[in-house]
Amino acid sequence: MYCAFEDLRRLLGDRRLLELGEDTGKVSEARFQELLAALDDSGAERSAAENALLANLEEAIDAADREIDGWVSVVAPVPLADPPGIVANLSAKIAVYNLHRRRPHLELGEWKEEYERALKTLERIAQGRIPLAPATVDNPVRAEGPGVSVVSGEQEFGDDLRRRY
């Protein structure tokens, strides 16, 4: 997974995340505390409802990662072994969008716009306009787009002529 539950929590907050992940869509205060504990404690035994919640969250992340892999596979082998931060960020935002889509009666609002921005970013990655690897001497980032290309002939006045004057 390119992102973790913690990334989703930062974007949505605990209550909203649990409401979107829970099959009923409504979470009482007592239920909220139980689900929150299940989210925090990976080693504890869980109820079927808690397992369903975690499965829903994992499926949202997995679907986001598969979508990312489809775009990134144009420029790099997938799945990415060491994904850069931009990929984790995109995965979390697409996963939140996926969670909202589980509730067709909810307005997508800002998450639809975030999803569209994520797709545009993925398109730029696939086009090579946004590199996945940091620029290094061995792997320079090359700008594309409008620019100037200069072609010239041989130099007519070299150092010999300049030194004589």
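**Figure 1. Secondary structure of the protein chain.** The protein chain of this predicted model has seven helices and zero strands, where helices (H or I, at least four residues) and strands (E, at least two) are DSSP runs numbered from the N terminus. In order from the N terminus, the elements read α-α-α-α-α-α-α. Of the 165 residues in the protein chain, 33% are buried; buried means under 20% relative accessible area, exposed over 50%, and partly exposed in between (1.4 Å probe, protein chains only). Among contacts (heavy atoms within 4.5 Å) with a separation of 6 or more, 64% join residues 24 or more positions apart. The protein chain has an accessible surface of about 10,800 Å², and carbon and sulfur atoms hold 50% of this surface. Accessible areas come from the Shrake-Rupley method with a 1.4 Å probe, and for residues only the protein chains shown count as cover.

Residues are numbered from 1 along each chain as its sequence is written, and side-chain values use heavy atoms, with hydrogens and water left out. Local features need pLDDT of at least 70 and side-chain atom pairs count only at pLDDT 80 or more, while totals for chains, interfaces and linings use all residues.

**Figure 2. Helix α1 and its salt bridge between Glu6 and Arg9****.** Phe5, Asp7, Leu8, Arg9 and Leu12 are the buried residues in α1. The buried residues of this helix pack against α2, α3, α4 (48-72), α5 (85-101) and α6 (110-126). Glu6 and Arg9 form a salt bridge, with 3.7 Å between the closest N and O atoms; the term stands for a side-chain nitrogen of Lys or Arg within 4 Å of a carboxyl oxygen of Asp or Glu. The two residues are three apart in helix α1 (residues 5-12), about one helical turn. Glu6 is partly exposed at a relative accessible area of 40%, whereas Arg9 is buried at 14%. A network of salt bridges links Glu6, Arg9 and Asp14. Gly13, just after α1, has a positive phi of about 90°.

**Figure 3. Salt bridges of Arg15** **and Arg16****.** The count of salt bridges in the structure is twelve. In one of them, Arg15 meets Glu29 at 2.6 Å, N to O. This pair links distant parts of the chain, since Arg15 is in helix α2 (residues 14-21) and Glu29 is in helix α3 (residues 29-40), 14 residues apart. Both ends are partly exposed, Glu29 at 47% relative accessibility and Arg15 at 29%. The charged end of Arg15 also sits over the ring of Phe32, 4.2 Å from the ring centre; this requires CZ of Arg or NZ of Lys within 6 Å of the ring centre and within 35 degrees of the ring normal. Arg16 pairs with Glu19 in a salt bridge whose closest N and O atoms are 3.8 Å apart. Arg16 and Glu19 are three residues apart in helix α2, about one helical turn. Arg16 is partly exposed, at 30% relative accessible area.

**Figure 4. The aromatic pair.** The structure holds one aromatic pair. The ring centres of Tyr97 and Tyr115 are 4.0 Å apart and the planes lie at 5°, so the pair is stacked. Rings of Phe, Tyr and Trp (its six-membered ring) pair if their centres lie within 6.5 Å, and planes under 30 degrees apart count as stacked, over 60 as edge-to-face and the rest as tilted. Because Tyr97 is in helix α5 and Tyr115 in helix α6, the pair ties together parts 18 residues apart in sequence. Tyr97 and Tyr115 are both buried.

**Figure 5. The cis peptide bond before Pro79****.** The bond from Val78 to Pro79 is cis, with omega near -5°. Pro79 lies in the loop between α4 and α5.
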